[in-house]
Amino acid sequence: MYTKCRGCGPGYKSPLDAMKGPREEIVYVPCIYRNTNIEKPDYLATVDVDPKSANYCKVIHRLPMPNLKDELHHSGWNSCSSCFGDPSKTRNRLILPSLISSRIYVVDVGTDPRAPRLHKTVEPSELFWKCGLANPHTSHCLGSGQIMISTMGDPYGNGNGGFVLLDGETFEVIGNWELPGEAAPFGYDFWYQPRHNVMISTEWGAPKVLANGFNPNDVKAGHYGQSIHVWDWTTHKRLQSLDLGVAGAIPLEVRFLHNPDAAEGFVGCALNGTVFRFYKTQKGDWATEKVIGVPSKKVEGWILPEMPSLITDILISLDDRFLYFSNWLHGDIRQYDITDTRNPRLVGQVFLGGSILNDGLVKVTEDQELDGQPSPCIIKGKRVPGSPQMLQLSLDGKRLYSTTSLYSAWDKQFYPDLIKEGSVMTQIDVDTVKGGLRVNPDFLVDFGREPDGPALAHEVRYPGGDCTSDIWI
């Protein structure tokens, strides 16, 4: 599962080289029990995705964490393609931040990739005392060998978009990456592009507000973000805060184009179903423009008279040709050709669930896109519960994986059946020539059948790196 070459570090020399990498055989998926009424710890599942294997579509190993109610969420690496030029580095530790408990677990995936083991736990007090930060989210390895983790809050549950630095060998907390007083009001995701000396970060909301569910009044009260932040990668100074306005409320996942020379990327904005392009101007500063908008649907039988699409995950193929995102409320995954980054073109769409199914309680009264409400998605006799959420693309761009859990408190609020049934992982076949998506009818991982009860599966990660973990410098 790892690139081997003389004099090379982990990962791949370039994004296009990565596309020639081996097919994925196993994936790591954090599984959550918080808010499910099952008093068991979250765990890291190892899933067999090799169609030649007797264990295809099965969980082959589970690594339980030592504590309850952590809310595992996203993961990253101790080293990745940013360290490709350093042969002393090895991709052998998975970094697992806990969104609610603020613990950071370091998992040994090098000794036995099919049976990971816990290497170290960074306790919340380390983040609180050394950094004044809490609620860690995105983890990226740096070319320096250090690990950088974005945070969403301070120890009191208020918003605080700072960054924690870990030593890449000992995994001790070094301190803050940002300069004193430079933290953003809110935090969530980030991506850096060293050749342009820049990092972009995004905003979700104040942890104490979103921890137990979503209240639209909290948006009006200013407890959720609507800006992205531009940072000087060398000095760690926050240079710009770009307000995306109401249309860009709750900007979540951010992706630069993979080409390390590119000075542009995209951010998916959840609340009003938009995608903004950010780019470097001729003056050398940064600007944004809305390039995709998914219309809300007028509905009856839901909590509000209009249902937004709620874009919750977004990724870009390694050749920078296609952009994908999930609409967690509407229930579809979309594929856009971004050859012209200013004018993305919809080329693929598939429904796997959602809140507007034709046999559900919600009636769509006005729809600018569809002629009728979609039918439920049935795979291997199982109705897909919830809605597509986290996405991961194969290195060659031909297979798109999706899980259906967003965040346990929001799962419980919007898709209570997920709590009872657990989530699933699906696979979508991708047409990489003309564009197009098709559900693989032979692939389903049902986390509702887990030994300790139905679990909520979240992000998908490949042992050898993927298009949402690796950055090229």
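## Cysteines and the disulfide

In this predicted model, the sulfur of Cys269 lies 19 Å from the closest cysteine sulfur, which belongs to Cys467, and this is too far for a bond. A disulfide is a pair of cysteine sulfur atoms within 2.5 Å. Cys269 is a buried residue, with a relative accessible area of 0%.

The structure does hold one disulfide. Its partners are Cys80 and Cys141, with an S to S distance of 2.5 Å. Cys80 sits in the loop between β4 (76-77) and β5 (93-97), while Cys141 belongs to strand β8 (residues 134-141), so the bond ties together parts that are 61 residues apart in sequence. Both partners are buried: Cys80 has a relative accessible area of 0%, and Cys141 has a relative accessibility of 2%. Cys83, by contrast, is in no disulfide, and the nearest cysteine sulfur to it, that of Cys141, is 5.3 Å away. Cys83 is also buried, with a relative accessible area of 2%.

## The sheet that contains β8

Strand β8, which holds Cys141, is part of an open sheet of four strands. The order of the strands is β8-β9-β10-β11, and their pairing is antiparallel. At the edges stand β8 and β11 (173-176); each has a single partner strand, so one side of each is left without a neighbour in the sheet. On average, and with direction ignored, neighbouring strands of this sheet are turned by 30° against each other.

The pairing of β8 with strand β9 (residues 147-153) is antiparallel and runs over five bridges. Within it, Ala134 stands opposite Gly153 in β9.

## A sheet of three strands

Another open sheet consists of three strands in the order β21-β20-β26, again with antiparallel pairing. Its edge strands are β21 (306-307) and β26 (363-366), each of which pairs on one side only.

Strand β20 (residues 297-300) pairs with β26 in the antiparallel sense over three bridges. One residue pair can be named here: Glu300 has Lys363 in β26 as its bridge partner.

## The largest pocket

How much space lies in the largest pocket? The volume is about 590 Å³. The largest pocket is lined by 21 residues, and those closest to its centre are Gly354, Ser355, Phe414, Tyr415 and Asp417.

Two elements, α5 (408-414) and α6 (416-421), give two or more residues to this lining. The element that gives the most is α6, with three residues. Sorted by class, the lining of the largest pocket has 11 nonpolar, six polar and four charged residues.

## The second largest pocket

The second largest pocket holds about 430 Å³ of space. Its lining is made up of 21 residues, of which Phe214, Pro216, Leu271, Leu304 and Pro308 are the closest to its centre.

Helix α5, which also lines the largest pocket, supplies at least two residues of the lining of the second largest pocket, as does α4 (216-220). The largest share, three residues, comes from α4. By class, the lining of the second largest pocket has 16 nonpolar, three polar and two charged residues.

## Enclosed cavities

The model has four cavities of 30 Å³ or more. The largest cavity contains about 110 Å³ of space. Of the 15 residues that line the largest cavity, His74, Thr138, Glu459, Arg461 and Thr468 lie nearest its centre.

Which element gives the largest share of this lining? Strand β8 does so, with three residues. Both β8 and β16 (251-256) supply at least two residues of the lining. By class, the lining of the largest cavity has two nonpolar, seven polar and six charged residues. Strand β8 thus appears in several parts of this account: β8 holds Cys141 of the disulfide, stands at an edge of the four-stranded sheet, and contributes to the lining of the largest cavity.

How values were computed. Residues numbered from 1 in each chain as written. Predicted model: local features only at pLDDT ≥ 70, side-chain atom pairs only at ≥ 80, totals over all residues. Heavy atoms only, no water. Buried < 20%, exposed > 50% of the residue type's maximum accessible area, 1.4 Å probe, protein only. 1 Å grid on protein atoms, 1.4 Å probe; cavity = no way out; pocket = protein on both sides within 12 Å on 5 of 7 lines; lining within 4 Å. Points joined across faces, edges and corners; volume = space filled by probe spheres on them. Nonpolar A, V, L, I, M, F, W, Y, C, P; charged D, E, K, R; others polar. Pairing = 2+ DSSP bridges. Axes fitted to C-alpha atoms, helices over the stretch in contact; angles between N-to-C directions.
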